[in-house]
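Please look through the sequence and the model below before reading my comments. They are meant for someone who has not seen this structure before.

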Amino acid sequence: MPRPSAAQLSYGSVTVVFSTLAMLLLSRTESGLGIAVIGTAALALGLLVAVTVPLPARRKTAQSGAAVSARRATAPAAETEGRALDHVQSRIPAARAASERVGEHSLRH
């Protein structure tokens, strides 16, 4: 059985405390047997609430993280490098033209 989460513990505890107080105030019982029955009912109600609180979706995040890692591992590095190289090569003619203009300007002066 998995360990209860913090949400399950807190919801269950709050349910036990508030339901015990509410039942004791509403029933106005003073006998030990009545208090024991109310306490047992409150514990059962708290357990029911704690069990029905949905668990966090840890498996989904673990699967999505594994899927991302798998996609990164299968993505070819050459494709990424090729895109970077194309980007740099597309800028070379403009850089050459700019350097030629600067060279012509410096030769005139």
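The points below go from the whole chain to one helix.

1. The model is predicted, not experimental. The protein contains four helices and zero strands. In sequence order, the pattern reads α-α-α-α.

2. How much of the protein is buried? Of its 109 residues, 12% are buried, where buried stands for under 20% relative accessible area. The exposed surface of the protein comes to about 9200 Å², and 66% of that is supplied by carbon and sulfur atoms.

3. Helix α1 covers residues 6-27, which is 22 residues. From its first C-alpha to its last, α1 reaches 31 Å, close to the 32 Å expected at 1.5 Å a residue.

4. Which residues of α1 are buried? They are Gln8, Gly12, Thr15, Val16, Ser19 and Thr20. These residues lie on the same side of α1, because they cover an arc of only 120 degrees around the axis. The general background is that an α-helix has 3.6 residues a turn, so residues three or four places apart point the same way.

5. The cover over the buried residues of α1 includes α2, residues 32-52. On the other side of α1, Ala6, Phe18 and Leu25 are exposed. The two sides of α1 should therefore be read separately: Val16 is among the buried residues, with α2 included in what covers them, whereas Phe18 is exposed on the other side.

6. What comes after α1? The helix is followed by Arg28, which has a positive phi, near 55 degrees.

Conventions:
Residues numbered from 1 in each chain as written. Predicted model: local features only at pLDDT ≥ 70, side-chain atom pairs only at ≥ 80, totals over all residues. Heavy atoms only, no water. Expected span 1.5 Å × (residues − 1). Buried < 20%, exposed > 50% of the residue type's maximum accessible area, 1.4 Å probe, protein only. Arc of directions from axis to C-beta. Contact = heavy atoms within 4.5 Å. Areas by Shrake-Rupley, 256 points an atom, 1.4 Å probe, with all protein chains shown as cover.
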